[in-house]
Amino acid sequence: MRIASVVVDIRHRAVSKAFDYIVPETMEPFLRTGHRVEIPFGPRMLSGIVVAFKDASDVKELKAIRALLDAEAVFDEEALALSERLATDHAAPRSEYLSAMLPPGMRMKYEKRLEINDRSRLDEALAARFGKADNIPFDASVSEHLKAVFEGLESGALTSTTRIRRRATTLTEEYVVYVQNATTRLGPKQQAVMDLLKTTSPLEKKTLLEKASASSATLNSLRKHGCLDVMSREKSRELTHIRAVEDKRVTLNDAQKAVIERLEARGGRHDTFLLHGVAASGKTEVYIELAERMREASRGFILLVSEISLTPLLTARFKARFGNDVAVYHSRLSLGEQYDEWRRMKRGEARIVVGARSAVFAPVADLGMIVIDEEHSDTYIQDDHPRYHAREVALWRTKRHDVPLVLGSATPSVESYYHALNGRYVLLEMKERAMCSAPPNVEAVDMKQEFLAGNTSMFSARLIEHLSACLQRREQALLLMNRRGTANFVMCRRCSHTIVCETCELPYTYHRFDHTLKCHHCGKYEAMPSACPKCGSAHIRYMGIGSERVERELKKRFPDAKVMRMDRDTTSAKGAHESLLSDFERDGDVLIGTQMIAKGLDFDRVTLVGVLSADMGLHVPSHFAAEDTFSLLAQMAGRSGRRARQGEVVIQAYDVEHPVILDAIEGDYRKFYDREIDYRERASQPPFKQLMRVSVLHVKPHVSFRTAAQLAGRLRNEGLEGMRIIGPLRPRIAKRGKRHVNDILIKHDADADPMPVMRAFIEKETDHDTVFDVDRHPRNL
């Protein structure tokens with residue numbers, strides 16, 4: 001007897017282990033690890049994934065697998081091993097990660113149905129609801145017959161069943177094939193069909209009917225006479241929202257060639273390379289060259305981008321060069337499109353993949369390289385279930401395949417640059433702009449002085465002056481709203497004083513519900529003041545502006561300008577990113593946006609960049625605030641003057657003397673890094689210590705706090721060297737749905753992992769209503 005270990009498709013820690021099932025004899029020759037199967041689980045039928053086989057089980061009475069759900073295994077050994085690693089690292093159900101590796105359309109949906117066993121015993125009205133069908137959905141349509149339904153189930157006249165189906169299906173199209181000449185006389189339309197097929201066969205059915213002015217009845221008649229046949233074949237959905245561009249082959253400059261040569265000098269073996277190239281240094285051309293060399297070697301290539309808004313632009317460049325060898329993969333595609341693109345990767349039809357975070361799981365054949373563009377971006381961190389960092393997944397996969405991982409950025413994360421300087425990564429540099437364009441002129445405007453001078457608007461006089469000149473020259477401008485952390489901290493508009501925790505030197509977070517200021521690092525709190533503690537001004541408030549307000553005010557000042565806005569509201573529809581950016585490139589004047597416009601956009605006519613509230617991100621209760629703000633400002637400045645025209649950048653801030661603002665104005669990454677790494681070392685922050693947050697959720701607040709306190713006590717009792725436990729703490733967002741939240745913050749050495757202790761605690765927790773959420777990359781505290 002062969003036994004299969006199956007991970008059940010239930011996302012709950014109580015069933016996170018694999019369960020044993022008997023493999024039916026008829027299934028044994030075909031069943032493989034990675035296959036999805038239908039299994040009985042309690043009173044229900046569910047889907048599951050076969051992860052291993054064994055000859056014996058500790059369970060005495062085993063149930064058998066009911067059915068295979070796929071002709072081929074959807075997961076290979078790499079995917080199974082990766083899911084196990086991620087589940088272990090995050091104390092989460094393995095099924096969450098297996099599901100995340102599939103396109104949404106491949107995931108299973110469950111449909112409850114009622115089946116008739118004995119129609120004669122059914123209630124008359126319920127029987128009429130069934131009509132001639134033997135089964136119907138068990139949903140709201142039978143709600144008025146519930147009494148009869150449950151009587152039928154109890155008597156055996158009805159059976160409740162569950163159908164398991166994929167959410168998306170394969171798209172097919174019908175073709176008509178010529179078989180032989182007719183042996184009888186044909187009508188005019190029949191003859192027209194046959195004449196067309198004699199010259200072109202097979203021919204798409206729809207096209208054939210249109211050209212011959214015929215109907216399906218005409219084809220059916222010819223098919224009966226053996227003259228033709230109709231067949232179906234799979235058809236991929238066309239990604240029509242991706243624009244076509246000309247493939248502009250460029251000659252790589254010396255810096256780009258040096259990068260390629262150093263990569264090739266490693267012989268294609270695993271190493272992590274940090275490509276530090278200033279904005280407009282030509283990193284995209286390097287990526288295209290690397291992809292071309294991978295294709296020539298018949299190897300797979302994955303390029304991750306930080307924003308979905310960048311995917312159409314990069315995809316257009318890659319499609320122009322590599323055609324159908326490129327697959328696109330991100331969440332803004334339809335279910336069917338994601339399903340088709342995933343299948344093309346799986347079958348080896350597309351060896352080059354361009355996509356957002358989830359594309360790191362792409363099942364490309366014979367993986368040869370992964371490139372992560374804008375590697376510093378926190379969008380590569382999945383901040384909801386299932387949690388993972390795309391960079392760590394990419395590192396795991398490239399190590400397994402023994403192939404290079406390339407991390408590209410104009411402003412690398414402090415951790416990555418530290419690893420590069422200390423030999424863990426290989427540092428590659430491109431220090432000059434590729435098009436020989438001069439760096440933009442960057443200036444800062446002190447918004448305190450603007451306020452004291454009577455200007456209470458969000459636009460400084462200097463920015464308005466630059467905007468007027470830019471529009472008169474018929475050039476374009478980008479305006480960035482730095483909304484990271486806004487409305488969460490408190491600042492005085494008169495003197496720019498920000499209220500911080502005296503213990504941690506981190507900004508307090510404003511809690512609207514009880515009008516208090518709280519430190520999410522140490523738990524200290526105090527009442528929201530009515531006046532500035534430093535200057536006594538009443539102009540102290542929690543900060544925040546909305547993109548619609550910026551758009552409205554700008555249109556008032558420049559009524560003849562075409563002002564466009566790029567944010568979640570304007571880009572929610574399919575293809576909206578591509579459409580909006582194309583419209584702006586064609587005839588837009590000013591584009592307003594959040595951080596999605598700060599990376600990767602390349603427009604010839606953009607010569608002005610304005611940053612509103614540039615220092616807002618510095619006041620977020622996060623040890624990454626300085627890094628995030630510097631990266632955002634430096635990246636945004638890199639959008640201006642990327643061709644022959646001179647670029648201008650206006651940075652508006654209340655604290656223009658802040659070191660991070662000054663570093664961004666100078667464009668001096670190394671100066672910023674040296675100061676930031678010194679702070680990180682003194683504060684025992686990454687890369688010198690690892691941060692982790694464990695959230696304990698329960699519908700009863702006292703249970704959430706008690707369990708969190710018990711876990712914190714257990715960790716403290718272990719006495720792991722170099723580990724500090726803070727909490728339990730009540731977070732700013734104190735409820736998720738109906739569950740109350742208490743957090744534990746853990747600071748530990750890389751070689752003193754607290755996960756084994758936590759997993760043991762979580763596995764012994766008997767209250768199955770308690771939820772544990774382990775975040776290994778917390779950004780905001």
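Which residue in β15 is the bridge partner of Phe-301? I would like to begin there this morning, and I should say at once that what we are looking at is a predicted model. The partner of Phe-301 in β15 is Ile-352, and Ile-352 is also the β15 bridge partner of Val-326.

Those two pairings belong to a wider arrangement around β15, which covers residues 352-355. Strand β13, residues 300-304, runs parallel to β15 and is joined to it by 4 bridges, and strand β14, residues 326-329, likewise runs parallel to β15 with 4 bridges between them. As a general point, side chains in a regular strand alternate between the two faces of the sheet. In β15 both faces are covered, with Ile-352 and Val-354 buried on one side and Val-353 and Gly-355 buried on the other.

Let me turn now to the second largest pocket, which holds about 1200 Å³ of space. Its lining is made up of 42 residues, and those lying nearest the centre are Thr-284, Glu-285, Arg-317, Asp-602 and Arg-643. If we sort the lining by class, we find 17 charged residues, 16 nonpolar ones and 9 polar ones. Helices α9, residues 283-296, and α10, residues 311-322, each supply at least two residues to this lining, and α10 gives the most, with 6.

Staying with α10 for a moment, I would like to point out Arg-321, which sits in that helix. Is Arg-321 buried or exposed? Its relative accessible area is 11%, and because the cut-off for buried is under 20%, Arg-321 counts as buried. Leaving aside neighbours within four places in sequence, Arg-321 is in contact with Asp-247, Lys-248 and Arg-249, and also with Ile-288, Glu-292 and Arg-295.

My last stop is helix α19, residues 659-666, where Val-660, Ile-661, Asp-663 and Ala-664 are buried. Seen down the axis of α19, these buried residues fall within an arc of 160°, so they line one face of the helix. What do the buried residues of α19 pack against? They pack against α18, residues 625-637, and α20, residues 669-682. Just after α19 comes Gly-667, and if you look at the backbone there you will find a positive phi of about 65°.

To go back to where I started, Ile-352 in β15 is the bridge partner both of Phe-301 and of Val-326, and that is the place at which I would suggest opening the model. Thank you.

Terms used:
Residues are numbered from 1 along each chain as its sequence is written. This is a predicted model: local features need pLDDT of at least 70, side-chain atom pairs count only at pLDDT 80 or more; totals for chains, interfaces and linings use all residues. Side-chain values use heavy atoms; hydrogens and water are left out. On a 1 Å grid over the protein atoms alone, a cavity is a set of points where a 1.4 Å probe fits but cannot get out, and a pocket is an open set with protein on both sides within 12 Å along at least five of seven lines; lining residues have an atom within 4 Å of a point. Grid points are joined across faces, edges and corners, and a volume is the space filled by probe spheres set on the points. Ala, Val, Leu, Ile, Met, Phe, Trp, Tyr, Cys and Pro count as nonpolar, Asp, Glu, Lys and Arg as charged, and the others, Gly among them, as polar. Buried means under 20% relative accessible area, exposed over 50%, partly exposed in between (1.4 Å probe, protein chains only). The arc is that of the directions from the helix axis to the C-beta atoms. Contact means heavy atoms within 4.5 Å. Two strands pair if DSSP finds at least two bridges between them.
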